[in-house]
Amino acid sequence: MAEMGSKGVTAGKIASNVQKKLTRAQEKVLQKLGKADETKDEQFEQCVQNFNKQLTEGTRLQKDLRTYLASVKAMHEASKKLNECLQEVYEPDWPGRDEASKIAENNDLLWLDYHQKLVDQALLTMDTYLGQFPDIKSRIAKRGRKLVDYDSARHHYESLQTAKKKDEAKIAKAEEELIKAQKVFEEMNVDLQEELPSLWNSRVGFYVNTFQSIAGLEENFHKEMSKLNQNLNDVLVSLEKEHGSNTFAIKAQPRKKTKLFSRLRRKKNSDNAPAKGNKSPSPPPDGSPAATPEIRVNHEPEPAGAATPGAALPRSPSQSSLPAVVVETFSATVNGTVEGGSGAGRLDLPPGFMFKVQAQHDYTATDTDELQLKAGDVVLVIPFQNPEEQDEGWLMGVKESDWNLHKELEKCRGVFPENFTARVQ
């Protein structure tokens, strides 16, 4: 017969294989229809079920182990980035810089070693374990085909024997084919009957060894990592002890160069400059309009003994010395608040008062229109006269102590960084 291609497959071999497939298909149809009996082996079927379960579990374990390894690698990269960040922020003149750098190197090596050992002692073992399943699965399938061939040969032999007209030559040939099919099937069946239970039992030892290896590697890794972390902690404790008592400057947000101070300075100079021909400004005489705040009375029923409408309230001794800018602001009701208003105009607070803040840190003024602050100073916050002059992160105010002493905004007010303070009211 002619050869079919370079593989040496003959036309007769191909025809034989095709015929086997047709015979097997016919036999399985007859078995499903109940017209032909099927050889059953419940013990072997149980072994096959165990095999499939074992393969499924092993495949899942392999997948999860690969995911675990990917997570270890991701954690390694994250740890490496974190240590790089520490190296960048660790200033050259800080003590322990070399030790911190060495710890970071050992950290990187420890992650690499851990990952490689997991690959060698867990993943490769897992791959070897699962490597035997494809061959056994193929042999189980082949055994199934040979069982169909055996049943088909058996049925053919039995049909020839029960025929009315017997052909001894055909019977002899059918018997020969039956014996051959039975031998092939039984050889494969015996081997698998021994291997499958052994493979099923091996899963216990494999799972134990695999998870023991992972647990042991992880335990050693964390022990060594714990030592490195303790060393790093010691380095940082030393850094804190050396620099912990130092006060690190808190920087204010940069200010735009506005014309606010120039206007304030010109205002202060014009207020303080003596009039021509006079040596110094003199306070207005008692009883003059500038010296006495305008008093307005609410025309609501009042309890007996209250001041009569239109009566002027007695002036305190200090009123005659109030600056004009304050006096003009204090148009008050008899209850002591500015007409129109909120508590922002009380006599003891500057005009436009919004809220109080307290300095949390010392602040050294860098310009003449800024407030010099000490931690603990209370500042009365007021609005900017021109909102466009307010820089981001800066507030306008007057220190409470200065206000209580002078009661003059032009002498006391200034700008200050908001992040040096905390609101208290």
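**Figure 1. The open five-stranded sheet of the predicted model.** In this predicted model, five strands form an open sheet in the order 6-5-4-3-7, and their pairing is antiparallel. Strand 6 (414-417) and strand 7 (421-423) occupy the edges; each has a single partner strand, so one side of each lacks a neighbour in the sheet. On average, neighbouring strands of the sheet are turned by 50° against each other, direction ignored. As general background, strands of a sheet pair through backbone hydrogen bonds, in either a parallel or an antiparallel manner.

**Figure 2. Strand 3 and its pairing with strand 7.** Strand 3 comprises residues 355-359, and four of these five residues are buried, so the strand is largely enclosed by the rest of the structure. Its antiparallel pairing with strand 7 extends over three bridges. Within this pairing, Val 357 of strand 3 is placed opposite Arg 423 in strand 7. Strand 7 is one of the strands at the edges of the sheet.

**Figure 3. The pairing of strand 3 with strand 4.** Four bridges connect strand 3 to strand 4 (residues 378-382), again in the antiparallel sense. Gln 358 has Val 378 of strand 4 as its bridge partner, and Lys 356 stands opposite Leu 380 in strand 4. Strand 4 is itself mostly covered, with four of its five residues buried.

**Figure 4. Strand 5 between strand 4 and strand 6.** Strand 5 (residues 394-399) runs antiparallel to strand 6, to which it is joined by four bridges. Strand 4 and strand 5 are likewise antiparallel and are joined by four bridges. On the strand 4 side, Leu 380 has Val 398 of strand 5 as its bridge partner. On the strand 6 side, Met 396 stands opposite Val 415, and Gly 397 stands opposite Gly 414.

**Figure 5. Burial of the edge strand 6.** Although strand 6 has a single partner strand in the sheet, both of its faces are covered. Gly 414 and Phe 416 lie on one side, Val 415 and Pro 417 lie on the other, and all of them are buried. Two of these residues also take part in the contact with strand 5: Val 415 stands opposite Met 396, and Gly 414 stands opposite Gly 397.

**Figure 6. Leu 349 in the loop before strand 3.** Leu 349 belongs to the loop between helix 7 (324-329) and strand 3. Its relative accessible area is 5%, so the residue counts as buried. In sequence, Leu 349 and Leu 380 are 31 residues apart, and their C-alpha atoms are 8.0 Å apart in space. Leu 380 is the residue of strand 4 that stands opposite Lys 356, and its bridge partner in strand 5 is Val 398.

**Figure 7. Lys 407 and its positive phi.** Lys 407 lies in the loop between helix 8 (400-406) and helix 9 (409-412). Its phi is near 55°, a positive value in a residue other than glycine. For context, most residues other than glycine have a negative phi. With a relative accessibility of 22%, Lys 407 is classed as partly exposed.

**Figure 8. Two cysteines in a structure with zero disulfides.** The structure holds zero disulfides. Cys 85 is partly exposed, its relative accessible area being 40%. Cys 412, by contrast, is buried, with a relative accessible area of 6%.

**Figure 9. Packing of helix 2 with helix 5.** The axes of helix 2 (residues 42-89) and helix 5 (residues 168-243) come within 10 Å and cross at roughly 15°. Helix 2 is therefore roughly parallel to helix 5, an angle under 35 degrees being the criterion. Their crossing is left-handed. The residues of the contact comprise 18 nonpolar, six polar and four charged.

**Figure 10. Packing of helix 2 with helix 3.** Helix 2 also packs with helix 3 (residues 97-131), at an angle of about 170° and with the axes 10 Å apart. The two helices are therefore roughly antiparallel to each other, the criterion being an angle over 145 degrees. This contact of helix 2 with helix 3 is made up of 19 nonpolar, eleven polar and six charged residues.

Terms used:
Residues numbered from 1 in each chain as written. Predicted model: local features only at pLDDT ≥ 70, side-chain atom pairs only at ≥ 80, totals over all residues. Heavy atoms only, no water. Axes fitted to C-alpha atoms, helices over the stretch in contact; angles between N-to-C directions. Parallel < 35°, antiparallel > 145°, perpendicular 65-115°, else oblique. Left-handed = near helix turned anticlockwise from the far one by under 90°. Nonpolar A, V, L, I, M, F, W, Y, C, P; charged D, E, K, R; others polar. Pairing = 2+ DSSP bridges. Disulfide = S-S within 2.5 Å. Buried < 20%, exposed > 50% of the residue type's maximum accessible area, 1.4 Å probe, protein only.
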